[in-house]
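User: I've got a model open and would like to talk it through. Can you walk me around the fold and its core?

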Amino acid sequence: MDNTAPQGSGSERPSVTPLTTAVLEIDAYAAELGWDRPAQLFALVDTERLRTEEPDLAQRLDIEGDSGLTPVEQDELPAGQPLDEFLATIAWPDAVAGCAMTVERLMLPPSAETTVPEGMPGPDLARWVAGHPERQEVRMTVAVLRDGRRESAVRLREKDSATEVLTGPDLVPGLADALAATFEE
């Protein structure tokens with residue numbers, strides 16, 4: 001475990017939930033690290049519980065205020081292993097209230113999706129999208145809690161600004177489902 005806690009935008013927005021705040025903090029942390037990075041996985045822990053049960057760790061993470069949830073970055077994901085296969089191997093301890101992940105991907109606008117060749121195998125489709133003139137690079141940050149709540153943040157590389165981050169619970173349903181499955185027994 002890397003034990004770094006992202007700090008950043010979102011905590012100054014009083015109307016957002018603790019889950020939204022955590023997603024925006026992770027998005028800001030990933031933005032500080034820059035683009036072209038591997039996926040990152042975070043455990044989400046209850047801040048007060050962390051302070052009570054792990055005061056030394058809470059002090060090392062330099063937790064300020066009470067955002068409700070503290071993101072704790074996990075070890076780097078294994079290189080070359082498909083994301084879905086990796087997520088299928090995860091089991092979280094009870095102290096973890098939720099988890100989050102940042103992933104960079106290429107996306108097409110809805111207008112271009114109608115031109116996607118049907119039945120194209122995954123690797124060929126990835127190359128096709130990478131070569132499409134309307135492709136856009138995005139960073140998606142998705143979080144889920146044990147109780148099923150979800151939140152996402154999507155940042156376009158061409159509009160790489162904290163004021164241009166789109167948030168919502170259903171922006172990346174496939175990744176949210178995969179993260180939620182890590183809490184199933």
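**Walking through the fold**

Analyst: Happy to, and keep in mind that this is a predicted model. Here's a starting point: Asp36 has a relative accessibility of 57%, so it counts as exposed.

User: Where does Asp36 lie, and what is its phi?

Analyst: Asp36 is in the loop that links α1 and β1. It isn't a glycine, yet its phi is positive, at about 65°.

User: Zooming out, how many helices and strands does the chain have, and what pattern do they follow?

Analyst: The count is seven helices and six strands. Going along the sequence, they come in the pattern α-β-α-α-β-α-β-α-α-β-β-β-α.

User: How much of the chain counts as buried?

Analyst: Some context on the surface: the chain exposes about 10,200 Å², with carbon and sulfur atoms supplying 50% of that. Of the 185 residues, the share that counts as buried is 43%.

User: In what order do the strands sit in the sheet, and which ones stand at the edges?

Analyst: The six strands make an open sheet with antiparallel pairing, in the order β2-β1-β3-β4-β5-β6. Two of them have a single partner strand each, so one side of each has no neighbour in the sheet; these edge strands are β2 (69-73) and β6 (166-168).

User: And what is the average twist from one strand to the next?

Analyst: Going from one strand to the next, the twist averages 20°.

User: Which helix packs on the sheet touching β1 through β6, and what angle does it make with β5?

Analyst: The helix covering residues 18-33 packs on the sheet and touches β1, β2, β3, β4, β5 and β6. That is α1, and its direction makes an angle with that of β5 of about 30°.

User: Back to the edge strand β2: how many of its residues are buried, and which way do they point?

Analyst: β2 pairs antiparallel with β1 through five bridges, one of the bridge pairs being Val45 with Thr70 in β2. Five of the five residues of β2 are buried, so to speak of it as mostly covered is fair. As for direction, Thr70 and Val72 point one way, and the other way point Leu69, Pro71 and Glu73.

User: On the other side of β1, how many bridges join it to β3, and what stands opposite Leu44?

Analyst: β1 and β3 run antiparallel and are joined by six bridges. Opposite Leu44, in β3, stands Gly98.

User: What about β4 and β5: how many residues lie between them, and which residue in the turn has a positive phi?

Analyst: These two strands run antiparallel with seven bridges, and Val138 has Leu156 in β5 as its bridge partner. They form a hairpin with four residues between them. In its turn, the residue with a positive phi, about 100°, is Gly148.

User: Is β5 largely enclosed or open, and what stands opposite Val154 in β6?

Analyst: Five of the seven residues of β5 are buried, so the strand is largely enclosed by the rest of the structure. β5 is also joined to β6 by three bridges, running antiparallel. Opposite Val154 in β6 is Leu166.

User: Now helix α7. Which of its residues are buried, and why do they sit on the same side?

Analyst: The buried residues of α7 (residues 173-181) are Leu175, Ala176 and Leu179. They are on the same side of α7 because they cover an arc around the axis of only 100°.

User: What covers those buried residues?

Analyst: The cover for the buried residues of α7 includes a helix and several strands. Among them are β1 (40-46), β3 (96-107), β4 (136-145), β5 (150-156) and the helix α4 (83-87).

User: Take Leu175 in α7: is it buried or exposed, and what does it touch?

Analyst: With 12% relative accessibility, under the 20% cut-off, Leu175 counts as buried. Its C-alpha lies 9.0 Å from that of Ala143, 32 residues away along the chain. Leaving out residues up to four places away in sequence, it touches Leu83, Leu87, Met101, Val103 and Val142.

User: Which residues touch the most other members of the largest nonpolar core?

Analyst: That core has 30 residues, with β1, α3 (55-60), α4, β3, β4 and α7 each giving at least two. Those touching the most other members are Leu41, Leu83, Leu87, Trp92, Met101, Leu175 and Leu179.

User: How many residues are in the second, separate core?

Analyst: Its members include Ala22, Tyr29, Leu44 and Leu69. The size of this second core is 14 residues.

Conventions:
Residues are numbered from 1 along each chain as its sequence is written. This is a predicted model: local features need pLDDT of at least 70, side-chain atom pairs count only at pLDDT 80 or more; totals for chains, interfaces and linings use all residues. Side-chain values use heavy atoms; hydrogens and water are left out. Buried means under 20% relative accessible area, exposed over 50%, partly exposed in between (1.4 Å probe, protein chains only). The arc is that of the directions from the helix axis to the C-beta atoms. Contact means heavy atoms within 4.5 Å. A nonpolar core is a set of buried Ala, Val, Leu, Ile, Met, Phe, Trp, Tyr and Cys residues joined through side-chain atoms within 4.5 Å. Accessible areas come from the Shrake-Rupley method with a 1.4 Å probe; for residues, only the protein chains shown count as cover. Two strands pair if DSSP finds at least two bridges between them. Axes are lines fitted to C-alpha atoms, for helices over the stretch in contact, and angles run from 0 to 180 degrees between N-to-C directions.
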